[in-house]
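Please look through the sequence and the model shown below before reading on. The paragraphs that follow move from one pair of helices to the chain as a whole and then to two loop residues.

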Amino acid sequence: MRRAFLCGNDKFTTKNFDHRKGWIVKRIKQLASIFAIDIAAYAVMSNHYHVVLHVNRDKALTWDDQTVLKQWTLLCKPKPVVERWLSGNIISQSDNLIIQQCVTEYRQRLMDISWFMRFLNEHVARLANEEDNCTGRFWEGRFKSQALLDETALLACMAYVDLNPIRANITDSLETSDYTSIQERMGLQPEPQTNPIPASENDLNDNQQNEKLQHDNTSTPLQDRLASIPLAPLQRFAGNSHIENNKQAIQHELINYLALVDWTSRQIHPNKRGKVAAEHPSILTTLNITEDNWLAFSNQIEQDFSQAIGTESRLHSFGRSLHKKRHRGLGKAKRYYAIPAALTSA
């Protein structure tokens, strides 16, 4: 049996693995540059991480065949027929049929969260295994995902993710919530940490040291391409452009979201330094949700819902699409999405 530590301080070995948090953030952003998937929020903790993703289907459908194939070959070694096609060599009609099949398959994969997570987790596992000088399984199991069916669910999930370090009592402020999207949106990010030399490396014999040195100095073309990929920015907030119905942006202003998350953090830690706003955030008025319901929703979203998060009607529709008669979270959805007027008159 192997005991693996993801990030942070390992009390058993006294090693610090915070640099691995940087691995995860960098890989998420690299993959977002390749996939038709946007990053709405992320938080990397000591033993797990959260990421809120937006599948940009419209973007994937606008890519031409060449773009689709080039994007995929950034992730995997291309088939010979794809290499010939991309180099402009004349190919047969049967090869053209294979190319069209590849384009259809790769386009679908490039907007698939499962493939995104596969390339993310496999990459981190390889780096960790190399650093730990071992092989074998690194992650405990497959990732868990929840579909966000409406705007309120999206913002509640983003706030839940951004407030993970504060909720876990790792820090008491957004400014010091390292390796989170909220810190990045505020223009504050931790200094990159270099990888320490693994203690086990000292135990390698001369031949093993030479083999490792040769391996470190040899990079594949695929690795070189990934190293040159620009890191994708976070999914932007629409600001005033939400009036123009920009579907690919989060339909609020960034300053209002920052105020919402800051206000929520002060309810988690009421003794937090600084002035507590007298009025609730304007986004709550826009979403038509009470303060108590917002706090419960954004703090218990993982426990209260299963495969999807949204209103009762959306949960029913989602359940029917999966041929499921029951769906966890219907009672909570009825409460959280109840209009304030109905609550105050009850």
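Is the crossing of α1 and α6 left-handed or right-handed? The crossing of these two helices is right-handed, a term that applies when the near helix is turned clockwise from the far one by less than a right angle, an anticlockwise turn being left-handed. The axes of α1 and helix α6 (residues 113-132) lie 10 Å apart and make an angle of about 150°, where axes are lines fitted to C-alpha atoms over the stretch in contact and angles run from 0 to 180 degrees between N-to-C directions. The pair is therefore roughly antiparallel, the word used for angles over 145 degrees. On the α1 side the contact (heavy atoms within 4.5 Å) involves H19, R20, W23, I24, R27, I28, L31 and A32, while α6 contributes residues including F116, F119, L120, H123, V124 and L127. In general, an α-helix has 3.6 residues a turn, so residues three or four places apart point the same way.

This is a predicted model, in which local features need pLDDT of at least 70 and side-chain atom pairs count only at pLDDT 80 or more, whereas totals for chains, interfaces and linings use all residues. Residues are numbered from 1 along each chain as its sequence is written, and side-chain values use heavy atoms, with hydrogens and water left out.

Helix α1 itself covers residues 19-34, and its 16 residues reach 23 Å from first C-alpha to last, close to the 22 Å expected at 1.5 Å a residue, the expected span being 1.5 Å times one less than the number of residues. Because 13 of its 16 residues are buried, α1 is largely enclosed by the rest of the structure; buried means under 20% relative accessible area, exposed over 50%, and partly exposed in between, with a 1.4 Å probe and protein chains only.

The protein chain as a whole has 18 helices and six strands, which are DSSP runs of H or I with at least four residues and of E with at least two, numbered from the N terminus. Buried residues make up 42% of its 346 residues, and of the contacts in the chain with a separation of 6 or more, 66% join residues 24 or more positions apart.

Two loop residues deserve a look at their backbone. Y179, in the loop between α8 (164-167) and α9 (181-185), has a phi near 60° and is buried, with a relative accessible area of 10%. N288, in the loop between α13 (282-287) and α14 (291-299), also has a positive phi, of about 60°, but counts as partly exposed at 38% relative accessibility.

Note on methods. Parallel < 35°, antiparallel > 145°, perpendicular 65-115°, else oblique.
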